[in-house]
Amino acid sequence: MEWHLIVMAVLYIIAGILHFVKPRIYESIMPPYIPAHRAMVLLSGFAESALGIGLLFSPTRVWSAWGIVLLLIAIFPANIYMATSQKFHRIPSWLLWARLPLQAVLIAWALRYT
């Protein structure tokens, strides 16, 4: 198994776990128009962890990679909200805007395994 696949899997597993450990952080970045913030945070955390685990096994790798692509698309509005809202003024603006093209990089990385 390639080391960068393992890194990717571990990153998603850890990110998913953090949704359960620090849910308020993830709730704060959700756009107001999305309902049930806590439920969405927990659901996306479960999905991230499950998809990260799925990357580690060849029978589920392709499905997990496609799931990650879809998940990254689904969470993109939160990144846009962070970049355009004045709520996150303590984070440098350039960093908030840099996250947007980073999504494309993460999608391309996941697509390597589809």
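**Phe 88 and its partner**

I began with Phe 88 in this predicted model and found that Phe 88 counts as buried, at 10% relative accessibility. I then searched the whole structure for aromatic pairs, and the search gave 1. That pair joins Phe 88 to Tyr 81 in an edge-to-face arrangement, with 5.8 Å centre to centre and 85° between the planes. The angle is over 60 degrees, so the pair goes into my notes as edge-to-face and not as stacked. Tyr 81 is also listed as buried, because its relative accessible area of 17% falls under the 20% limit.

**Helix α1**

Next I looked up α1, which has 19 residues and reaches 27 Å from its first C-alpha to its last, close to the 27 Å expected at 1.5 Å a residue. I noted the buried residues of α1 as His 4, Leu 5, Met 8, Ala 9, Tyr 12, Ile 13, Ala 15, Gly 16 and His 19. When I asked what these buried residues pack against, the result was α2, α3, α4 and α5.

**His 19**

I followed one of those residues further: His 19 lies in helix α1, and its relative accessible area is 5%, so I have it as buried. Leaving out residues up to four places away in sequence, I found that His 19 touches Tyr 26, Val 41, Leu 42, Ser 44, Gly 45 and Glu 48. I also checked His 19 against Ile 107, which stands 88 residues apart from it in sequence and 20 Å apart in space, C-alpha to C-alpha.

**The largest pocket**

I then turned to open space, and the largest pocket holds about 850 Å³. It is lined by 28 residues, and those closest to its centre are His 19, Tyr 26, Glu 48, Ile 75 and Arg 99. Among these, Tyr 26 and Glu 48 had already come up as contacts of His 19. Which helices supply at least two residues each to the lining? My list reads α1 (3–21), α2 (23–28), α3 (37–55), α4 (58–84) and α5 (93–111). Sorted by kind, the lining residues divide into 22 nonpolar, 4 polar and 2 charged.

**Ser 64**

My last entry concerns Ser 64, whose place is in helix α4. Ser 64 has a relative accessible area of 6%, and it is therefore entered as buried. With residues up to four places away in sequence again not counted, Ser 64 touches Leu 51, Gly 54 and Leu 55.

Technical notes:
Residues numbered from 1 in each chain as written. Predicted model: local features only at pLDDT ≥ 70, side-chain atom pairs only at ≥ 80, totals over all residues. Heavy atoms only, no water. 1 Å grid on protein atoms, 1.4 Å probe; cavity = no way out; pocket = protein on both sides within 12 Å on 5 of 7 lines; lining within 4 Å. Points joined across faces, edges and corners; volume = space filled by probe spheres on them. Helix = DSSP H or I, 4+ residues; strand = E, 2+ residues; numbered from the N terminus. Nonpolar A, V, L, I, M, F, W, Y, C, P; charged D, E, K, R; others polar. Phe/Tyr/Trp six-rings, centres within 6.5 Å; stacked < 30°, edge-to-face > 60°. Buried < 20%, exposed > 50% of the residue type's maximum accessible area, 1.4 Å probe, protein only. Contact = heavy atoms within 4.5 Å. Expected span 1.5 Å × (residues − 1).
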